[in-house]
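I opened my notebook to look up how the aromatic rings and the nonpolar side chains are arranged here, and I wrote down each step as I went.

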Amino acid sequence: MWSEWWNRFLASDPAMRRLRTATRVVLAVALTIAVVVPVLSWWGQPLPLALIGAVVAINSTVGVNDPERRQQQVTTLLTPLPVTAALVLAVLTARWPLVNTVLFLVVIFAAVYVRRFGPRYYPLGMVAFMGYFFTMFVRPHPDQLPALCVAAVAGSLAAFTLRFLALRDDPEGVLERGRRTLHAQVHG
């Protein structure tokens, strides 16, 4: 009975890639929160600002799909740049709701349009969009921009650490797990 359930589990997630990705995302968010919340508390900033770091960690872990490992590393480390630009725009225009909303539409357009330039630009556009979107809800003040930027950098570094150092993919291991899964399915 146990082996039947195990085979079903393996069949639902060949080579356990989804499980590894989900584990990376959860740990990246947890690491980001574990780092950012004490920093924000020490800094006297509201704790919901850590949400930006969690969003960057999620998008940096899941969205980066460049074909080569080195390109993935560069893209992951670049994610704080567009989110910081979006945060600055959202915070500085928050006093004018119409301008803020129109600029949000421009950010959405830009985030979708840059996808045409290659796989690197999808996660960069996505973090810019998500940063602007969540800033509209959190409504930080201009003096909280440094804390938001620190949260964004922490999220990116947490994603980088987990994806490329702690829980990195081993292509041979993925191939072997996939082979075992296929063998179990054929055998079943």
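The entries below go from ring pairs to the surface and then to the core.

**Entry 1, ring pairs.** I noted at the outset that this is a predicted model. I searched the whole structure for aromatic pairs, and the search came back with 10. I then looked at Phe 104 and Tyr 132, whose ring centres are 5.5 Å apart and whose planes stand at 15 degrees, so I wrote this pair down as stacked, the cut-off being under 30 degrees. I also checked where the two residues sit: Phe 104 belongs to helix H6 (residues 97–113) and Tyr 132 to helix H7 (residues 121–138), so the pair ties together parts that are 28 residues apart in sequence. Phe 104 and Tyr 132 are both buried.

**Entry 2, a pair inside one helix.** Next I turned to Phe 133 and Phe 137, where the ring centres are 5.0 Å apart and the planes are at 70 degrees, so the pair is edge-to-face. Both residues lie in helix H7 and are 4 residues apart, which is about one turn of the helix. Are these two buried or exposed? I found that Phe 133 has 28% relative accessibility and counts as partly exposed, while Phe 137, with a relative accessible area of 60%, is exposed. I then followed the ring pairs onward and saw that they link Phe 104, Phe 129, Tyr 132, Phe 133, Phe 134 and Phe 137 into a cluster.

**Entry 3, the surface.** I looked up a nonpolar surface patch of about 570 Å², which is made by Leu 31, Val 35, Val 39, Trp 42, Trp 43 and Val 150. Which helix gives the largest share of the nonpolar patch? I found that helix H2 (residues 17–43) does, with 5 residues. Val 39 is found in helix H2, and with a relative accessible area of 30% this residue is partly exposed.

**Entry 4, the core.** I went on to the largest nonpolar core, which has 28 residues, and I listed those with the most contacts inside it: Val 36, Leu 40, Ile 52, Val 83, Leu 87, Tyr 132 and Leu 148. At least two residues of this core come from each of H2, helix H3 (50–62), helix H5 (80–92), H6, H7 and helix H8 (145–166). I finished with Leu 148 and set aside its neighbours within four places in sequence; the residues in contact with Leu 148 are then Leu 49, Ile 52, Leu 87, Val 91 and Pro 140.

How values were computed: Residues numbered from 1 in each chain as written. Predicted model: local features only at pLDDT ≥ 70, side-chain atom pairs only at ≥ 80, totals over all residues. Heavy atoms only, no water. Phe/Tyr/Trp six-rings, centres within 6.5 Å; stacked < 30°, edge-to-face > 60°. Buried < 20%, exposed > 50% of the residue type's maximum accessible area, 1.4 Å probe, protein only. Patch = residues over 30% accessible without salt bridge, like charges linked within 9 Å, V, L, I, M, F, W, Y side chains within 5 Å. Areas by Shrake-Rupley, 256 points an atom, 1.4 Å probe, with all protein chains shown as cover. Salt bridge = Lys/Arg side-chain N within 4 Å of Asp/Glu carboxyl O. Core = buried A, V, L, I, M, F, W, Y, C linked by side-chain atoms within 4.5 Å. Contact = heavy atoms within 4.5 Å.
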